[in-house]
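Me: I would like to learn how to read the features of a protein model, going from the whole chain to single residues. Could you take me through one, giving the general idea before each case?

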Amino acid sequence: MNRRTFLHTAALSALPPAAPRQPNIVWIMADDLGWGDLGCYGQKHIRTPHLDRLATQGLRFTDVYAGCTVCAPSRSVLMTGMHMGHTSVRSNPGGVPLLPSDVTVAELLKKAGYTNGIFGKWGLGDIGTATTAIRKGFDEHVGFLHQAHAHFQFPRFIYQNDREYPLAGNTDTTHQTYANDVVADKALDFIRRHRQRPFFAYLPLTVPHGGFHVPEDSLAAYRGKFPEGPPLSSENGRQAPQPEPRAAFAGMVSRLDGYVGRVLALLKELRLEENTIVFFTSDNGGIRFSDNFFSNTGPFRGHKGNLYEGGIRVPMIVRWPGRVPAGRVSSFPWAFQDVLPTLAQIAGVKQIPRCDGISVLPTLLGQAQPPHAELYWELPRYQSKSGVFVDEVPMQAMRRGHWKAVRPKPNAPVELYDLTADPAEQHDLASANPALAATFDRDMKAARVPPRPQAEPAHPWWAARS
């Protein structure tokens, strides 16, 4: 029996033998929410009572990582189980599709008898491609296909499956229907309709990503509560300027918390709590306001767009009453490539395609398990007109135990950090440990295969109509 088979068998044996059916899976993912944006992770200015309560009811992780430091590649890692050196989508222009041959976690769960719904941003295949969400394992989709379309919080339309779904009262000058309110309502309806059979509800919501706009009730809750920074101008001339960006951002985070609260309340109402595992996380590291007012990335260096801890370390809370120990904190390191094997094991899938992840179900259940040998990230640059990636050693990072190597820019020397002694990555130890730095340099170069071309659409067709 090999190590992976042993871990799989040991974890399954810990599940209650008389479970009435396969557990439901709810994966809620914020957009650009930083490690430090929740009260249970130290946030002082923004109220997140439902998520803070969820942390007391479940397991809160301190060392979980997104698939990448930006949106689409991170979601590609999440869906395929392949880290950034191998996954199909490794750039972030918007509209780059998965390969039809990629196997997603939704496709695995569907074969295992799950009904799958996605409510929010897909970002891995635009309209007209072979890899929209409902062509890659999901039975229902309400939300956005192209991530730049998702920058508009009051768009004229979103998608229901692969058809436009108009939002009432939204024009260039009027903003009446908040897209995430509609998406959350549709997610609740999905859960209610499918409560009698196993379901996978994936909620990749688009808050608190900019533009920073939120309905007045959420904005008013923070107006005047703290000094405002510089006002934000209109994005591409198509959104209203935001004179209260801090209040708007805080309102978006609290509104996100409210969506989570509604999902948890419905699970309780339907008596599904004990047979539903709920995950909450973010798609990449947080943004950083000019003076770091909110400490969005907690104590860590960096932010969305780079590979220091602030760019890739994300909140992760997991609740499964009676299975996942409640009220605990874990520093076990894992990342989005582990989601596919973990959810597959929870669902009872016996065989999965080759991937870079491991199932962390033993850790979720409070059991000991060996950690990853290493975790790897990259973000290649590409030529926007041709979509061909630049021939260079890309921005990279790798973690092994408490050691982390970072190549902060393409072709740059490797920096080396001891995350136990220096979680803020302030002291580069590469010169003091040249052999270790050289080993990381070699192994990061070997951890990847060349990415396929990924062209940026010159003129997104929806831009004038969203």
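Reply: Let us begin with the surface: accessible areas come from the Shrake-Rupley method with a 1.4 Å probe, and for residues only the protein chains shown count as cover. The chain here exposes about 17,700 Å², of which carbon and sulfur atoms supply 54%. This is a predicted model, in which local features need pLDDT of at least 70 and side-chain atom pairs count only at pLDDT 80 or more, while totals for chains, interfaces and linings use all residues. Residues are numbered from 1 along each chain as its sequence is written, and side-chain values use heavy atoms, with hydrogens and water left out.

Me: How many helices and strands are there in the chain, and what is its radius of gyration?

Reply: Helices (H or I, at least four residues) and strands (E, at least two) are DSSP runs, numbered from the N terminus. By that reading the chain has 11 helices and 15 strands. Its radius of gyration is 21 Å, close to the 23 Å that the globule rule gives for 466 residues, so the chain is as compact as a globular protein of that length; the radius is taken over C-alpha atoms, and the rule is 2.2 Å times the number of residues to the power 0.38. Taken along the principal axes, the C-alpha atoms fill a box of roughly 60 × 55 × 45 Å.

Me: What percentage of the residues of the chain count as buried?

Reply: Buried means under 20% relative accessible area, exposed means over 50%, and partly exposed lies in between (1.4 Å probe, protein chains only). Of the 466 residues of the chain, 60% count as buried.

Me: Which residues of helix H2 are buried, and what do they pack against?

Reply: In H2, which spans residues 49–57, the buried residues are Leu51, Leu54 and Ala55. They cover an arc of only 100° around the axis, which puts them on the same side of H2, where the arc is that of the directions from the helix axis to the C-beta atoms. Contact means heavy atoms within 4.5 Å, and the buried residues of H2 pack against strand S2 (59–65), helix H7 (245–269), strand S8 (276–282) and strand S9 (313–319).

Me: Which strands do bridges join to S3?

Reply: Two strands pair if DSSP finds at least two bridges between them. S3 (residues 115–121) is mostly covered, with seven of its seven residues buried. Four bridges join S3 to strand S7 (residues 199–204), and these two run parallel, with isoleucine 118 standing opposite tyrosine 202. Five bridges, also in the parallel sense, join S3 to strand S4 (residues 140–144), where glycine 117 has glutamate 140 as its bridge partner.

Me: How does S4 run relative to strand S5, parallel or antiparallel?

Reply: S4 and S5 (residues 157–160) run antiparallel and are joined by two bridges, with valine 142 opposite glutamine 160. S5 in turn pairs with strand S6 (residues 163–166) in the antiparallel sense over four bridges, and tyrosine 159 has glutamate 164 as its bridge partner in S6.

Me: Where should I look for unusual backbone angles?

Reply: Most residues other than glycine have a negative phi, and most peptide bonds are trans. In the hairpin of S5 and S6, which has two residues between the strands, asparagine 161 takes a positive phi near 55°. Arginine 271, in the loop between H7 and S8, has a positive phi near 60°, and this residue counts as exposed because its relative accessibility is 79%. A cis peptide bond, with omega about 5°, joins valine 207 and proline 208, and the bond from glycine 210 to glycine 211 is also cis, with omega near 10°. Proline 208 lies in the loop between S7 and helix H6 (216–220), as does glycine 211.

Me: Why does serine 88 count as buried, and which side chain does its own side chain join in a polar contact?

Reply: Serine 88 lies in the loop between helix H3 (71–80) and helix H4 (105–111), and it counts as buried because its relative accessibility is 9%. A polar contact is a pair of N or O atoms within 3.5 Å; within protein, one must be able to donate a hydrogen and the other to accept it, and residues adjacent in sequence count only if both atoms are side-chain atoms. One such contact, of 2.6 Å, joins the side chains of serine 88 and aspartate 102. Leaving out residues up to four places away in sequence, serine 88 touches Ser76, Leu98, Leu99, Asp102, Arg452 and Gln454.
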